[in-house]
Amino acid sequence: MNTPIIPKITLVGAGPGDPELLTIKAWKALQQADVVLYDALVSEEVLDLARPGAILVDVGKRASKHTHPQEDINWMLVEYAINHGHVVRLKGGDPFVFGRGYEEMAHAAMFGIKVDIVPGLSSCIAVPGLQGVPVTCRGVNESFWVVTGTTRSGTISKDIELAAQSTATTIILMGMRKLGDIMAIFAAQGKKDTPAMVVQNGSTAAEKVVLGRVHNLAERVALADASSPGIIVVGDVVALHPEFASASLGDRVLSESQKTGKVTHEHITV
Ligand SMILES: C[S@@+](CC[C@H](N)C(=O)[O-])C[C@H]1O[C@@H](n2cnc3c(N)ncnc32)[C@H](O)[C@@H]1O
């Protein structure tokens, strides 16, 4: 007699890319999966950890190329669970940070399918952190905002303007295509000299970092290559990056305190 199929979904955050940044729970879920539905930002190395024999389904979405609309993914999740059992829905970073995880969970719930959640390391904290840039630092800032650069209507979120008025670290996801416009919003709030950086493909072998200030970041990134997904960080904490000072050597202004060896970001122009 065949064992009955018990539909189950585990919504798993895969972290920023490096497989060693998966949680043990994420790894265990992959080892038990009958099906893995994964996104574009999930690396090959992470997929290699899936149970041999598991069905791997690429439902990756990219800004310009929606291979599967969200609606289809919701249905695929339910159908695979009913027909195969345990579906791991593997998403980059954390499933609940701009990950549409809640929509998928709510859809599965309509069919009475149990959904377990395995949080992941979100790129918004982990990617700057891996650069040695803390999203908060005592004495430097008191909060951080995580904002999308791409709203449903295609316009820039008003929250970016609000964040630019604060002293918070601002972390912008999905903003690479509008980097110039986003930097203009910060400049308009008197922040043209605020340290800023872009990290693309953070935590992977293809990682790229561009350091600068609000007024020159877009130009520096354009010279580098703006095509891969990246995170934008704006705020004084960026000056804590170990290479920030040398990245700014181009037109560095030395002050008395710097001549004595005490270099602080306020004295460096990029
Ligand atoms: C749809 S959002 C998903 C965010 C994800 N749920 C998270 O918590 O990191 C995709 C965006 O996250 C950012 N992102 C994700 N992984 C990244 C990485 N390894 N390096 C840089 N940015 C990353 C980029 O801004 C990308 O466009």
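## A guided look at strand S10 and the ligand

Guide: Welcome! In this predicted model, Pro-195 stands opposite Arg-213 in strand S11.

Visitor: What makes S10 and S11 a pair of strands?

Guide: Two strands pair if there are at least two bridges between them. Six bridges join S10 to S11 (residues 208-213), and the two run antiparallel, so they count as paired.

Visitor: Which strand does S10 pair with over five bridges?

Guide: That is S12, again in the antiparallel sense. Here Met-197 stands opposite Val-233.

Visitor: Why is S10 called largely enclosed?

Guide: A residue is buried when its relative accessible area is under 20%. Six of the six residues of S10 (residues 195-200) meet that description, so the strand is largely enclosed by the rest of the structure. Pro-195, Met-197 and Val-199 are buried on one side, and Ala-196, Val-198 and Gln-200 on the other.

Visitor: How do you know that the ligand lies between domain 1 and domain 2?

Guide: Both domain 1 (8-121) and domain 2 (124-267) give residues to the shell around the ligand, so the ligand lies between them. The shell holds 18 residues, with Pro-16 and Gly-230 among the closest.

Visitor: What makes the pair formed by Ser-123 and the ligand a polar contact?

Guide: The cut-off for a pair of N or O atoms is 3.5 Å. An N or O atom in the side chain of Ser-123 is 2.6 Å from an oxygen atom of the ligand, so the pair qualifies. Taken alone the ligand exposes 560 Å², and the protein buries 88% of that.

Key. Residues numbered from 1 in each chain as written. Predicted model: local features only at pLDDT ≥ 70, side-chain atom pairs only at ≥ 80, totals over all residues. Heavy atoms only, no water. Near = heavy atom within 4 Å. Polar contact = N/O pair within 3.5 Å; in protein donor to acceptor, adjacent residues only side chain to side chain. Areas by Shrake-Rupley, 256 points an atom, 1.4 Å probe, with all protein chains shown as cover. Domains from an automatic or database assignment. Buried < 20%, exposed > 50% of the residue type's maximum accessible area, 1.4 Å probe, protein only. Helix = DSSP H or I, 4+ residues; strand = E, 2+ residues; numbered from the N terminus.
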